Amino acid sequence: MTFKSEVKHIEEELKKDAECLKYEHESRKEFKEEKHEAHKFAKELKHQMKEEDKEAKKKQKK
């Protein structure tokens, strides 16, 4: 293998590694956003259920 071809091979490998790392970063970012949205939804749902329970108790007292 000549020096130029060896350097070119190493460059190609580094480009592949960089693309892979970029993809992993984006995947983690998306996963984190989805996890955040799911947590937010669960929190809102829990709050809504508490409000409905309060209203149901008020109706029972009347």
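**Entry 1. Burial**

I took buried to mean under 20% relative accessible area, exposed to mean over 50%, and partly exposed to cover the range in between. The model I examined is a predicted one. With that cut-off I looked up the share of buried residues, and it is 0% of the 62 residues in the protein chain. I then read off the accessible surface of the protein chain, which comes to about 6,800 Å². Carbon and sulfur atoms account for 57% of that surface.

**Entry 2. Fold and overall dimensions**

I next asked how many helices and strands the protein chain has. The count is one helix and zero strands. I compared the radius of gyration, 27 Å, with the 11 Å that the globule rule gives for 62 residues; the former is well over the latter, so the protein chain is more spread out than a compact globule. Along the principal axes, the C-alpha atoms fill a box of roughly 90 × 10 × 5 Å. The helix, α1, covers residues 3–61.

**Entry 3. The start of the chain**

I located M1 in the segment before α1. Is M1 buried or exposed? I recorded M1 as exposed, because its relative accessibility is 76% and the cut-off for that class is over 50%. I also took the separation of M1 from K22, which stands 21 residues further along the chain. Their C-alpha atoms are 30 Å apart.

**Entry 4. Charge totals**

I counted the charged side chains of the protein chain and found 19 positive and 17 negative. The centres of these two sets lie 11 Å apart.

**Entry 5. Salt bridges**

I searched the whole structure for salt bridges and obtained three. Side chains of opposite charge can pair when their charged atoms come close. I took the pairs in turn.

K16 pairs with E13, with the closest N and O atoms 3.9 Å apart. Both residues belong to helix α1 and are three residues apart, about one turn of the helix. I noted K16 as exposed at 52% relative accessibility, whereas E13 is partly exposed at 34%.

R28 and E24 meet through their side chains at 4.0 Å, N to O. Why are R28 and E24 separated by about one helical turn? The reason is that they stand four residues apart in helix α1. R28 has a relative accessibility of 61% and counts as exposed, while E24, at 33%, counts as partly exposed.

E51 pairs with K54, and the closest N and O atoms are 4.0 Å apart. I found both of these residues in helix α1, three residues apart, about one turn of the helix. E51 is partly exposed, with a relative accessible area of 33%.

**Entry 6. A negative patch**

Which residues form a negative surface patch? I listed E26, E30, E33, E34, E37 and E44. I checked one of them, E26, in detail. E26 is placed in helix α1, and its relative accessible area of 34% makes E26 partly exposed. Patch members need over 30% relative accessible area and no salt bridge, so the 34% of E26 passes the area cut-off.

**Entry 7. Summary**

I close with the main readings. The protein chain holds one helix and zero strands, its buried share is 0%, and its three salt bridges are K16 with E13, R28 with E24 and E51 with K54.

Definitions and conventions: Residues numbered from 1 in each chain as written. Predicted model: local features only at pLDDT ≥ 70, side-chain atom pairs only at ≥ 80, totals over all residues. Heavy atoms only, no water. Patch = residues over 30% accessible without salt bridge, like charges linked within 9 Å, V, L, I, M, F, W, Y side chains within 5 Å. Areas by Shrake-Rupley, 256 points an atom, 1.4 Å probe, with all protein chains shown as cover. Lys, Arg positive; Asp, Glu negative; His and termini not counted. Charge placed at Lys NZ, Arg CZ, Asp CG, Glu CD. Helix = DSSP H or I, 4+ residues; strand = E, 2+ residues; numbered from the N terminus. Buried < 20%, exposed > 50% of the residue type's maximum accessible area, 1.4 Å probe, protein only. Rg over C-alpha atoms; globule rule 2.2 N^0.38 Å.
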